Amino acid sequence: MDPRSGVSNGSGPGYEKEENNLSPEDLSEMLAAGTKEVHEKAENTQFVKDFLRGRIRKELFKLGAVALYHTYTAMEEEIERNKDHPHFAPLYFPAELHRHEALARDIEYFYGPEWKSQITCSEATQRYVDRIHQVGQEDPVLLVAHAYTRYMGDLSGGQVLRKVAQRALKLPPTGEGLEFYQFDAIHSAKAFKQLYRSRMNELDLDVETKKKLVEEAVKAFHFNMEVFEELEEIGKTIQEDVLDAGMSAHGEMGGDISK
Ligand code: HEM
């Protein structure tokens, strides 16, 4: 699947109208183009493919939530530290985007009230977390790349993943365990993503910095893939029935994923 086939390379009919007069030097365009290949790789990791098919073991899903909890806790800690930094402030949307509290509630649902003492940070997650703290403290403009990679991705595929997980793991339709996927303060993911892109494009950055941001976003994708690969390896050691409850390729999934 080419998720961003609609993102123009700057030519072709309808470009100006469709893309709001974006130019290839705009950060949002550079990020979309520069991560296209690694996005395809991420989509094609075994863990992600299995997840989309509804082949998720509950223990593994829980460990995935724990990895996300550590990742978002680090990212949002660094975002708070840099919320007034001119290279990040326009992208500061805590009420709309921040996920670590939702993840804490999901994990409490899965592990119970003593969840904090029951979870650990895996090696691959720790490497991702360390990088987030490093950029937040040494080169905060690069936080933009980390926020882009996670939040734009969550807003793009989250609803589909929520449905798949709910069905496969037989979680309550009321949303317990799946709060991470629910952005209550965002009514239109599509409109919010457009706002976020335009805020990224308004940042006062030279082209060298924009290139560094693309490189950092590619790194962020790799950190995510390393976490998926680690989960995949752990999955091989967990004996549990796999429920086949994925969405059909032509059903809900196709219609929903780009919202
Ligand atoms: C965008 C699908 C995995 C990060 C998108 C879009 C789709 C999509 C359809 C386009 C949304 C739009 O143009 O409005 C998928 C599918 C995945 C997947 C099916 C596999 C399950 C990931 C992963 C990440 C990610 C693992 C990173 C951790 C992003 C980002 C965007 C995006 C950053 C925004 C691209 C842009 O417009 O600049 N994805 N995605 N995706 N996805 Fe994914």
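Let us start in the middle of things, at leucine 205: setting aside its neighbours within four places in sequence, this residue is in contact with Leu27 and Lys210. Leucine 205 sits in the loop between helix H11 (189-202) and helix H12 (207-237). Is leucine 205 buried or exposed? The answer falls in between: it has 17 C-beta neighbours inside 10 Å and so counts as partly exposed, since a buried residue would need 20 or more. Along the chain, leucine 205 and histidine 87 are 118 residues apart, yet their C-alpha atoms are separated by 8.0 Å.

With that foothold, we can step back to the whole chain. Please keep in mind that this is a predicted model. The chain contains 13 helices and zero strands, so that reading from the N terminus on, each element in turn is an α. Of its 259 residues, 32% count as buried. Take the contacts with a separation of 6 or more: residues 24 or more positions apart account for 83% of them.

Now for the interior. Nonpolar side chains tend to be buried together in soluble globular proteins. Here, the largest nonpolar core has 55 residues, and those with the most contacts inside it are Ala65, Leu103, Val144, Ala147 and Tyr148. Several helices each supply at least two residues of this core, among them helix H2 (27-34), helix H5 (58-81), helix H7 (100-111) and helix H10 (143-169). H11 and H12, the helices on either side of the leucine 205 loop, are also on that list of contributors.

Valine 144 is a good residue to click on next. Leaving aside its neighbours within four places in sequence, valine 144 is in contact with His87, Phe88, Leu91, Met200 and Leu213. His87 is a residue we have already met, as its C-alpha atom is 8.0 Å from that of leucine 205.

Leu103, another of the core residues with the most contacts, takes us to H7. This helix has twelve residues and reaches 16 Å from its first C-alpha to its last, close to the 16 Å expected at 1.5 Å a residue. Which residues of H7 are buried? They are Ala102, Leu103, Asp106, Ile107 and Phe110. Seen down the axis of H7, these buried residues fall within an arc of 135°, and therefore they line one face of the helix. What do the buried residues of H7 pack against? Their partners are H5 and helix H8 (115-118). Just after H7 comes glycine 112, which takes a positive phi of about 90°.

Key
Residues numbered from 1 in each chain as written. Predicted model: local features only at pLDDT ≥ 70, side-chain atom pairs only at ≥ 80, totals over all residues. Helix = DSSP H or I, 4+ residues; strand = E, 2+ residues; numbered from the N terminus. Buried ≥ 20, exposed ≤ 12 C-beta atoms within 10 Å, placed from the backbone. Contact = placed C-beta atoms within 7 Å. Core = buried A, V, L, I, M, F, W, Y, C linked by C-beta atoms within 7 Å. Expected span 1.5 Å × (residues − 1). Arc of directions from axis to C-beta.
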